[in-house]
Every structure is written in structure tokens, then in C-alpha cells.
Amino acid sequence: MDFLYQIDIAVLRWINTTATHPILDYVLSLIADTDTMIWLLAPTVIAVAVWGGFKGRVFLVLMILCLLIGDAGINWAIKTTVNRPRPHQTLENVRRVKLTSPTTYRVQWSEPGPVKNGRSMTSGHTCNNVALALLLTLLYGRWGALAWIWAAAMGYSRIYSGDHYPSDVLVSALVACAYTGLICCAACWLWHKGAPRLLPKTYARHPHLLH
């Protein structure tokens, strides 16, 4: 385990302190900033709900389930059980890169101290965006698979900013794939069981929920 931990630290150091650039500082801090992205996300959700058709609405329902069951339930349970401190909470010389406005960012160096609650494992940002990419792939095929580029950039940004270890991001991706797959299987089962009776016309047009 110590060998794997040393690899984890080495990859973290390379991404967080060696392979850095001011352009990466800005772009990756922007990608990971929820407050900024919410302004883009809100109109997108409304547009998908209104004009996205059957697939778009299925995507929104499944994504909401992933956020409720996966992020608020499973991820939070893992975070509180594992209780792993973030890199910047326990390691010296970790760069913290944060967006301070839509056009500016701040770089600070870590100041480790006593940690009451560790929330490094899992990464909610990574889980939610892997769930999004997997759902879009299942619903829209190869065009939807382009969302994996965004999910990968999000995971990388969380290591770059000093908020997560590489192992956090890797485990988060696996966890998100697992619970998203289970949610999709359950949704398909319920669709085949209930839709023919409750929504016969819709079921006739869309006998398969995901493709």
C-alpha cells in the first residue's frame, strides 16, 4: 500500500506543481468552479426540458437520480466513512488554484494543519461528470461519448487544483460508473414494467428507454 501511495503522491506532484502553466491555472480553475458553471447549466437544463424531446427528458430524470442517489447518498457516505483529508490539508507545497471571478484566479500554497473532516475520497465533481458522460453515451451514442472529454478535464482539474489525489479521481470514476449503471438498469426495468400500462402511447413510440 505504501508503494501505491508513493505513486499517488508522485502523480499528484507532477500534475499540481510541475506541469503547470498560467493558461492551465485559469482554464482548469474555471472548469471546476461550480458557481460559474451554474449560470451555463441552468439555461441548458431548461432548454433540454423544453426542446430535448423524449431522450432529453429521460436524461434529465436519470441525471437527477444520479445526483440524489449517487452524489448526495453514496458519495457522501463514502466521504464520511473514509474521511480522507485533501492533499492541501496534509501535504506541504501543494498549489491551490481557485477562480476568484469569471476572469481571474488565485494561486496559494498549502498550509497543513489539524484536519477535523476529510472529504477527499470521493470527488463529487468527478462522480457527477462521469455520470453525465455515461448517460449521454447511453442515450446518444458516439456523439454523447464526447462528454467523456469534459469528464476527464474535470477529473484532471481536481488534481491540478490540489483538492484531490489521483486515486480519489480514479475511484470516483469507478464508483460513478457503478451507481449510474445500476440506476439505468433499474429505470429500464421499471419502464418495461410500468409504461405499457401507464403510458401506452409513449411506450409504443419508445419501447426502449435508453436507445
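## Exercises on helix α1, the cores and the salt bridges

On the face of α1 that points away from its buried side sit the exposed residues Phe3 and Thr18. The model is predicted, so local features require pLDDT of at least 70 and side-chain atom pairs count only at pLDDT 80 or more, while totals for chains, interfaces and linings use all residues. Residues are numbered from 1 along each chain as its sequence is written, and side-chain values use heavy atoms, with hydrogens and water left out.

**Exercise 1. Work out what span helix α1 should have, and compare it with the distance between its end C-alpha atoms.**

Start with the element itself: helices (H or I, at least four residues) and strands (E, at least two) are DSSP runs, numbered from the N terminus. Helix α1 covers residues 2–18, which makes 17 residues. Then apply the rule that the expected span is 1.5 Å times one less than the number of residues. The result is 24 Å, and the end C-alpha atoms lie 23 Å apart, so the two agree.

**Exercise 2. Find which residues of α1 are buried, and what covers them.**

Begin with the cut-offs: buried means under 20% relative accessible area, exposed over 50%, and partly exposed in between (1.4 Å probe, protein chains only). By this test Asp8, Ile9, Leu12, Ile15 and Asn16 of α1 are buried. Next look along the axis: these residues take up an arc of only 140 degrees, so they are on the same side of α1. The arc is taken from the directions that run from the helix axis to the C-beta atoms. Finally, look for the cover by contact (heavy atoms within 4.5 Å). It includes α5 (87–90), β1 (95–101), α7 (147–160) and α8 (166–198).

**Exercise 3. Describe the largest nonpolar core and say which helices supply it.**

Here is the rule for membership: a nonpolar core is a set of buried Ala, Val, Leu, Ile, Met, Phe, Trp, Tyr and Cys residues joined through side-chain atoms within 4.5 Å. The largest such core has 27 residues, and Phe59, Leu62, Leu135, Tyr179, Leu209 and Leu210 have the most contacts inside it. At least two of its residues come from each of α4 (53–82), α6 (124–144), α7 and α8. Helix α8 gives the largest share, nine residues. Now zoom in on Leu209: leaving aside residues up to four places away in sequence, it touches Phe54, Val58, Leu139, Ala187, Cys188 and Trp191. Another core of 14 residues lies apart from this one, and its members include Leu28, Ala32, Val94 and Tyr165.

**Exercise 4. Which acidic partners does arginine 84 have in salt bridges, and are the residues buried or exposed?**

Recall the general idea: side chains of opposite charge can pair when their charged atoms come close. A salt bridge is counted when a side-chain nitrogen of Lys or Arg is within 4 Å of a carboxyl oxygen of Asp or Glu, and the structure holds six of them. One partner of Arg84 is Asp8, with the closest N and O atoms 3.2 Å apart. This pair joins distant parts of the chain, since Arg84 is in the loop between α4 and α5 and Asp8 in helix α1, 76 residues apart. Another partner is Asp168, at 2.7 Å from N to O. Asp168 belongs to helix α8, 84 residues from Arg84. Now check accessibility: Arg84 counts as buried because its value is 17%, Asp8 because its value is 7%, and Asp168 because its value is 0%.

**Exercise 5. Follow the salt bridge between aspartate 163 and lysine 98, and find which network holds them.**

The side chains of Asp163 and Lys98 meet at 2.8 Å, N to O. Asp163 lies in the loop between α7 and α8 and Lys98 in strand β1, 65 residues apart. Asp163 is buried because its relative accessible area is 3%, whereas Lys98, at 26%, is partly exposed. Salt bridges with shared partners then join Arg96, Lys98, Arg158 and Asp163 into one network.

**Exercise 6. Judge how confident the predictor is about the chain and its elements.**

Use pLDDT, the predictor's confidence in each residue, from 0 to 100. The protein chain averages 94, and 100% of the residues score at least 70. Element by element, helix α3 (residues 34–51) has the lowest mean, 88, and α7 the highest, 97.
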